[in-house]
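Please look through the sequence and the 3D view before reading on, and keep both at hand while you follow the report.

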Amino acid sequence: MTPRGGRYRAALIGLGRIADTIDDEQVGSGWLLPFSHMGAYAEVPEIEVVGAADLHPEQRHAFGARWGIAAEHLYASYGELLERERPDIVSVCTTAAPRAQIVLDIVRLVREGRTAVKCIWAEKPLAISLADADAMVDACRDAGIVLIINAMRASDVYYRRARALIDAGELGRMLQITGYGARNLSHMGVHLIGALCMLAGGSDPAGQRVAWVMGECESDKAVGDDDLLGNAYLAFENGARGFVRMFPSGAATWTIDAIGETGMVRILNANDGYEFELWRLEPAVTGAAPTPVRHVFPRPQKVWSAAVGQVKDIIACLETGKAPNCPGEMGRHLLEIAIAIRESHRRGNVRVDLPLADRSLFIRSSETLAGETPAALRPGRTPRSRHGILPQIARAEGMGTRRRG
């Protein structure tokens, strides 16, 4: 178990990759670890993990063995987990298909007094359909449960520092936010689109909302409801504009530019490292006309992973009543943007206004569908890991070693 004495009891539902084993894959990458929900909980002393649930006994056994969680605290039924362990915080780490029902079941058990959940940390995308996302957001709000979505750049210390500079007016009025990736609109596009919303500034700490989009997708595939690659022009409510490219982007992959009237933050290699640049429009020498001049980006003085940042944000929400860095409402908005990009393509690349009137629209997530065998348990599947000099150095530094209580 994680160390005893934590102020908050946490539990996990779904014990696959994002709950735990993704950390193994990232040893030797540019990501700050831990990346997983369980790894993040283990890093925060205020948290005690009291139990976990998964339909698959192999995953329960492996998870318990890795983290020292006794079999009596591992469940096939998440309902039994919630009633017996009565956690304050629950991570919902399943694939997208069952996520809405699990969240709604948690709310129902809270209303019936059968569990004591105060916060749900749900994986992304929030749901598959807009109707499900609406139901999840409304149910949690009405029950007084904090709903946080794992678009984790919202809690990354470097991104938050960039947003603080924007909020302080250091870049002037925001004009354009551009991001390049190569990801599906809903499943992984949440991260890139969410970063653009966050860096667009505005009055909402969670990020600026998009008013309308124009998009294109992998053309002959857009007749279906699969999670596609796409590009889009975004009009933010505060007047800023954005462009997101999720077709293959070559050497620009995971480059983000947040451009204001007087400055710019440029993020390079944003999916596998931390290269942040600050540019200001000013004379390079006395008497010269203003020109873009690069400055040292003011890095945070304390650094932790984005996943640990999510846990710290959960605690702050519970203790101060602050709004989450990425609340359920933003998770729903990011899903809606993804669907709107596809709808724009279907309608001939026209402008599509948000919110969408048809709440039955959905994107079938690129994740495993409900009821299928998880990828990690399929015959012949070998665990993902990195090879080469950087993983060797990282392991020598202790990366990949799990902390147990």
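The report below goes through the sheets, the core, the surface patch and the salt bridges of this predicted model.

## The six-stranded sheet

Strands of a sheet pair through backbone hydrogen bonds, and they may do so either parallel or antiparallel. One sheet in this model is open and has six strands, which follow the order E3-E2-E1-E4-E5-E6 with parallel pairing. Strand E3 (74–75) and strand E6 (146–149) stand at the edges with a single partner strand each, so one side of each has no neighbour in the sheet.

At one end of that order, strand E5, made of residues 119–122, pairs with E6 in the parallel sense over four bridges. Within this pairing, Ile-120 has Leu-147 in E6 as its bridge partner.

## The nine-stranded sheet

A further open sheet is built from nine strands in the order E14-E13-E12-E11-E7-E10-E9-E8-E15, and here the pairing is mixed. Its edge strands are strand E14 (290–295) and E15, each of which pairs on one side only. Towards the E14 end of the order, E12 and strand E13 (residues 275–283) run antiparallel and are joined by six bridges, and Arg-266 stands opposite Glu-277 in E13.

Strand E10 (residues 241–245) shows how one strand can take part in both kinds of pairing: with E7 it pairs in the parallel sense over five bridges, while with E9 it pairs in the antiparallel sense, also over five bridges. On the E7 side, Tyr-180 stands opposite Arg-245 in E10; on the E9 side, Tyr-233 has Phe-243 in E10 as its bridge partner. E9 and E10 also form a hairpin with four residues between them, and Gly-239 in the turn has a positive phi of about 95 degrees. The side chains along E10 alternate, in that Gly-242 and Val-244 point to one face and are buried, whereas Arg-241, Phe-243 and Arg-245 point to the other face and are not buried.

## The nonpolar core

In soluble globular proteins, nonpolar side chains tend to be buried together. The largest nonpolar core of this model has 118 residues, and the members that touch the most others are Ile-47, Ile-120 and Ile-337. Ile-120 has already appeared in the six-stranded sheet, as the bridge partner of Leu-147 in E6.

Which residues surround Ile-337, once its neighbours within four places in sequence are left aside? Ile-337 is then in contact with Ile-193, Cys-197, Val-210, Val-213, Leu-234 and Leu-354.

## A nonpolar patch on the surface

Nonpolar residues are also found on the outside of the model, where Ile-389, Leu-390 and Ile-393 form a surface patch with about 300 Å² of accessible area together. Ile-389 belongs to helix H11, which covers residues 389–396. With a relative accessible area of 56%, Ile-389 counts as exposed, because the cut-off for that word is over 50%.

## Salt bridges

The structure holds 28 salt bridges. In one of them Asp-20 is joined to Arg-66, with the closest N and O atoms 2.3 Å apart. Asp-20 lies in helix H1 (residues 17–25) and Arg-66 lies in helix H3 (residues 57–67), so this pair ties together parts that are 46 residues apart in sequence. Is Asp-20 buried or exposed? Asp-20 is buried, with a relative accessible area of 0%.

Another salt bridge brings together the side chains of Arg-173 and Glu-261, at 3.1 Å from N to O. This pair links distant parts of the chain, 88 residues apart, since Arg-173 sits in the loop between helix H7 (157–167) and strand E7 (174–180), and Glu-261 in the loop between strand E11 (255–260) and strand E12 (263–268). Arg-173 is partly exposed at 47% relative accessible area, and Glu-261 is partly exposed at 41%.

The side chains of Asp-226 and Arg-364 likewise meet in a salt bridge, at 3.1 Å from N to O. Here the linked parts are 138 residues apart, with Asp-226 in the loop between strand E8 (210–217) and strand E9 (230–236), and Arg-364 in the loop between strand E15 (352–353) and H11. Asp-226 is partly exposed, with a relative accessible area of 42%, and Arg-364 is partly exposed, with 33%. Salt bridges can also be joined into a network, as they are for Glu-83, Asp-105, Arg-108, Glu-112 and Arg-114.

Key
Residues are numbered from 1 along each chain as its sequence is written. This is a predicted model: local features need pLDDT of at least 70, side-chain atom pairs count only at pLDDT 80 or more; totals for chains, interfaces and linings use all residues. Side-chain values use heavy atoms; hydrogens and water are left out. Two strands pair if DSSP finds at least two bridges between them. Helices (H or I, at least four residues) and strands (E, at least two) are DSSP runs, numbered from the N terminus. A nonpolar core is a set of buried Ala, Val, Leu, Ile, Met, Phe, Trp, Tyr and Cys residues joined through side-chain atoms within 4.5 Å. Buried means under 20% relative accessible area, exposed over 50%, partly exposed in between (1.4 Å probe, protein chains only). Contact means heavy atoms within 4.5 Å. Patches are made of residues with over 30% relative accessible area and no salt bridge: like charges are joined within 9 Å, nonpolar side chains (Val, Leu, Ile, Met, Phe, Trp, Tyr) within 5 Å. Accessible areas come from the Shrake-Rupley method with a 1.4 Å probe; for residues, only the protein chains shown count as cover. A salt bridge is a side-chain nitrogen of Lys or Arg within 4 Å of a carboxyl oxygen of Asp or Glu.
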